[in-house]
Amino acid sequence: MSKLRVYELARELNLSSKDLISKLTDLGMNIKNHMSTLEDEEVNMIVELMREPEMKEDKRNESDMMIDEHDDKDTLSIDDEYESEFDDDKIKQRKGSKKKKNKKSIAENNAVQQDAVVDKIEFVEGMTVREFAELIKKAPSEVVRDLLFMKYMLKINDVLPFEVAQKLADKYGINIEKKVENKGELPEEEKDDPASLKPRPPIVTVMGHVDHGKTSLLDAIRNTNVTAKEVGGITQHIGASTVELNGKKIVFLDTPGHEAFTSMRSRGAQVTDIAVLVVAADDGVMPQTIEAINHAKAAKVPIIVAINKIDKPEANPDRVKQELAEYGLIPEEWGGDTICIPVSALKKQGINDLLEMILLVAEMQELKANPDKKARGIVIEARLDKGRGPVATAIVQSGTLRVGDAIIVGTAYGKVRAMFDDKGKRLKEAGPSTPVEVIGLSEVPEAGDLLVVVDDEKKARELAEARKEKMKETRFVSQKVTLEDLFNQMQQGNIKELNVIIKADVQGSVEALKQAILKLSSNELRVNVLHEGVGIITETDVMLAAASNAIIIGFNVRPDSKAKDLAEREKVDIRLYRIIYDVIDDIEKALKGLLEPEYREVYLGRAEVRQLFKVSGLGTVAGCYVLDGKISRTSSVRLIRDGVVVYEGKPASLKRFKDDVREVAAGYECGMMLDKYNDIKEGDIIEAFIIEKVQQ
Ligand SMILES: Nc1nc2c(ncn2[C@@H]2O[C@H](COP(=O)(O)OP(=O)(O)OP(=O)(O)O)[C@@H](O)[C@H]2O)c(=O)[nH]1
């Protein structure tokens, strides 16, 4: 059936096309000209509107309505006589069966209006016109008509925006309140009566420098503490394992290292109660030892030091203690509060001493949870098993998880079909601090996802779906601090501390920056340096910044590409400088709200130096290969060697073969000379950028 055009409808309604167009435009419809086609629903609605007998009344009451501007004749001529006058074939076709329906709806309308006087309603985001009509006990067609009079072209099944609902409610004299519905928001945790809290085992992460023996220590701990009845029950890798000493349990997370720890934390999940820092007695404190210390400190997790490899002849535990003291971990025997235990993972020495100390620290922490409520936990590992479907290992943090419980985990949902512990034993229930493998989820969740037990599976599914929707709209990335909005956030009382991570090219700069930055602390804002180090800005630095809401200051160093990507995703502010004064000046301005983002650097591309040519009288020409983006003759460039900026300036020349060129794109080779700089080396990276004024 062909669609009705505006001029055809006008003819049928005995109006000029011009008049009809003007009416329709006033109703908010986008009509181009008399040839425009109309949807059947639109035709129905217009016809319905034109034939409503009450229109005359409405027209007089509603002085602000557009219909007023029109000639009575136009609108009234299609009143009751309308049916006979315009009931021609076309309209019959469109209205045919609808006629009866309309009559019925008017009857219904009268019926509902008689018995119902609604004076207050709760508006739910996303409700349709029909749902709204039902709520206020009016016929949907009447609401549609009233909307039309208010110049809103909404159909019965369209979503009604709150502002429009408000206007309708005003018209009907109804009080309207918006129901705040947190779609996808997990139910709040039940509050605990202090008497309901019971001690729970500590959860421990092992950290330390590469090759200092983290994995060996975890193995030694697991193997020396298999209780008699478990012998034969081989430890399964599920992401965490439980060991027992003198009837007390300790849970170890299987993935050692501060990266895993901070990555979970950056997702808002902190499971670890105690960090065991492994330091090899023959090697001492190394860069990743320092990182681990700072990551644990940033998370306010107590550290126990395991001085490992004491079986080695060159082991020197005292030297390790001395070095630790330099980083603020003063051993107990020297009057500090850091517990240091000498161990040998290889010879399985000192393992029980270490476990005893973990239990002691746990006791001091008074780790407690209420086991008698719906469980909540955190996923530490998840995978898709061919036979069993999605499998997640979660650590129950509070309450008790039972087989049959309906759960929501991130955007996955389901019912706990079966649970297994780290020895592969089937469990019916799991209390606080128990790591369990859970089967029965709709999809594979992510490490760091919260597991929450809800009333039933339907609720779990609804929540999961709502969360998925929300996820599509916005990634769950929380607002991070940036220097630019520091002042705003301070004003709003959102932050009282500024956490900073410093990375620089040499130790001297690190120290100088740290001292200068710490001096900026004031009563309003405490400045903390969470971590500092020499070298490029890594993914781990960004992770720590994301987890601790910190900014990163890079001095003569750059982020590597992974760090750059992660910072973009996590919205971590990385500030790069070449002059210490600028760093301090920027932070000072930021504290006063005076930092204006006037200029910003725009990355153009990177080229790798692959060959060098010395040209006498001219200098060094770098034979380069453009890795990504482009290099432009007019851009600024910086020369980067092992992540450190060694030169910043302009290209003196840019050539392809013998020709001077304006720019060279990724995948091409070029020859470049740097302005007044010849100390170029093979493997150096040349980064091109421009400085752009930021539109205010
Ligand atoms: N002599 C001696 N060697 C050890 C001891 N503990 C670990 N090792 C050795 O040190 C090396 C590194 O141990 P790992 O346990 O793999 O170290 P890691 O810290 O887990 O290393 P990454 O996982 O690579 O970070 C291995 O060759 C171990 O055999 C120890 O107590 N004594």
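**Close-up 1. Strand S7 and its partner S8 in the predicted model.** In this predicted model, strand S7, which covers residues 240-245, pairs with S8 in the antiparallel sense, and the pairing extends over 6 bridges. Within this pairing, Ser241 stands opposite Phe252 of S8. The hairpin that S7 and S8 form has 2 residues between the strands, and in this hairpin Asn246 takes a positive phi near 45°.

**Close-up 2. Strand S8 and its pairing with strand S6.** Strand S8, made up of residues 248-253, is also joined by 2 bridges to strand S6, made up of residues 203-208, and here the two strands run parallel. A reader who wishes to locate this pairing may look for Ile203, whose bridge partner in S8 is Val251.

**Close-up 3. The surroundings of the ligand.** There are 16 residues around the ligand, and of these Gly213, Lys214, Thr215, Ser216 and Leu346 come nearest. Which helix gives the most to the shell around the ligand? That helix is H11, spanning residues 214-224, which contributes 3 residues to the shell. When the residues of the shell are divided by character, 4 are nonpolar, 7 are polar and 5 are charged.

**Close-up 4. The open sheet that contains strands S22 to S25.** This view shows an open sheet formed by 4 strands, which follow one another in the order S23-S22-S24-S25 with parallel pairing. The edges of the sheet are strand S23 (526-534) and strand S25 (574-577), each of which pairs on one side only. From one strand to the next, the twist averages 20°. Strand S22, which covers residues 497-504, runs parallel to S23 and is joined to S23 by 8 bridges; in this pair of strands, Ile502 stands opposite Glu532 of S23.

**Close-up 5. The contact between helices H19 and H20.** The axes of helix H19 (residues 539-548) and helix H20 (residues 561-570) come within 8 Å of each other and cross at roughly 20°. Because angles under 35 degrees count as roughly parallel, H19 is described as roughly parallel to H20. The crossing of H19 and H20 is right-handed. On the side of H19 the contact is made by Glu539, Asp541, Val542, Met543 and Ala546, while on the side of H20 it is made by Lys562, Ala563, Leu566, Ala567 and Glu570. Taken by character, the residues of the contact between H19 and H20 divide into 6 nonpolar and 4 charged, with no polar residues.

Conventions. Residues numbered from 1 in each chain as written. Predicted model: local features only at pLDDT ≥ 70, side-chain atom pairs only at ≥ 80, totals over all residues. Near = placed C-beta within 6 Å. Nonpolar A, V, L, I, M, F, W, Y, C, P; charged D, E, K, R; others polar. Pairing = 2+ DSSP bridges. Axes fitted to C-alpha atoms, helices over the stretch in contact; angles between N-to-C directions. Parallel < 35°, antiparallel > 145°, perpendicular 65-115°, else oblique. Left-handed = near helix turned anticlockwise from the far one by under 90°. Contact = placed C-beta atoms within 7 Å.
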